[in-house]
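User: Please take a close look at one small part of this model and explain what surrounds it. I am a first-year student, so please give the cut-offs for the terms you use.

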Amino acid sequence: MSKLNKFLGSPQIETSQAGKEIVPLPQDGDSPYSFVEFSILVESDCTVSINDSSPIFLRAGVMDIAKHHADIYSFRILDDGIKYNWMAAL
């Protein structure tokens, strides 16, 4: 079993800008991270795009994507003004 050893996430509660990418770029690269686990808490119902998907409705609360699901390389909230925070494992 492999060990997860690197975590990233929000340094504080953030506010969405419609369509802005949440998955950051590494400091030394131009391709976004690919997360094996990803959790996000949104304070209001919203619409999101995951890995460039069509819009998906997300109810307020916590959403977790575990390592047995698809890796996450893109996550965008498609609405303005949604308070959120996230964390992920590489």
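Analyst: What follows starts from one residue and works outward to its strand, the loop after it, and another part of the model.

The model is predicted, so local features need a pLDDT of at least 70 and side-chain atom pairs count only at 80 or more, whereas totals for chains, interfaces and linings use all residues. Residues are numbered from 1 along each chain as its sequence is written, and side-chain values use heavy atoms, with hydrogens and water left out.

The residue is S49, which lies in strand β4, residues 46-50. Strands are DSSP runs of E with at least two residues, numbered from the N terminus. S49 counts as buried because its relative accessibility is 2%; buried means under 20% relative accessible area, exposed over 50%, and partly exposed in between, using a 1.4 Å probe and protein chains only. Leaving aside residues up to four places away in sequence, S49 touches S74, F75, R76 and L78, where contact means heavy atoms within 4.5 Å. A polar atom of the S49 side chain also lies 2.8 Å from the backbone oxygen of S53. A polar contact is a pair of N or O atoms within 3.5 Å; within protein, one must be able to donate a hydrogen and the other to accept it, and residues adjacent in sequence count only if both atoms are side-chain atoms.

Next comes the sheet around S49. Strand β4 belongs to an open sheet of 3 strands in the order β5-β4-β7, with antiparallel pairing. The edges are β5 (56-58) and β7 (75-77); each has a single partner strand, so one side of each is left without a neighbour in the sheet. From one strand to the next, the twist averages 35°; the axes are lines fitted to C-alpha atoms, and angles run from 0 to 180 degrees between N-to-C directions. Two strands pair if DSSP finds at least two bridges between them. Antiparallel strands β4 and β5 are joined by 3 bridges, and V48 has I56 as its bridge partner in β5.

The loop between β4 and β5 holds N51 and D52. Most residues other than glycine have a negative phi. N51 is not a glycine, yet its phi is positive, about 50°. D52 is not a glycine either, and its phi is positive at about 65°. The relative accessible area of N51 is 19%, so N51 is buried. D52 is exposed because its relative accessible area is 52%.

Strand β8 (83-89) is the other part to look at. β8 pairs in the antiparallel sense with β1 (residues 7-9) over 3 bridges, and F7 is the bridge partner of A89. β2 runs antiparallel to β8 and is joined to it by 2 bridges; here E14 is matched with Y84. β3 (residues 37-42) also pairs with β8 in the antiparallel sense, over 6 bridges, and L41 has N85 as its bridge partner.

β2 (14-15) and β8 each supply at least two residues of the lining of the largest pocket. Its lining includes E14, T15, I77, Y84 and W86. The space in this pocket is about 170 Å³.

Key:
Helices (H or I, at least four residues) and strands (E, at least two) are DSSP runs, numbered from the N terminus. On a 1 Å grid over the protein atoms alone, a cavity is a set of points where a 1.4 Å probe fits but cannot get out, and a pocket is an open set with protein on both sides within 12 Å along at least five of seven lines; lining residues have an atom within 4 Å of a point. Grid points are joined across faces, edges and corners, and a volume is the space filled by probe spheres set on the points.
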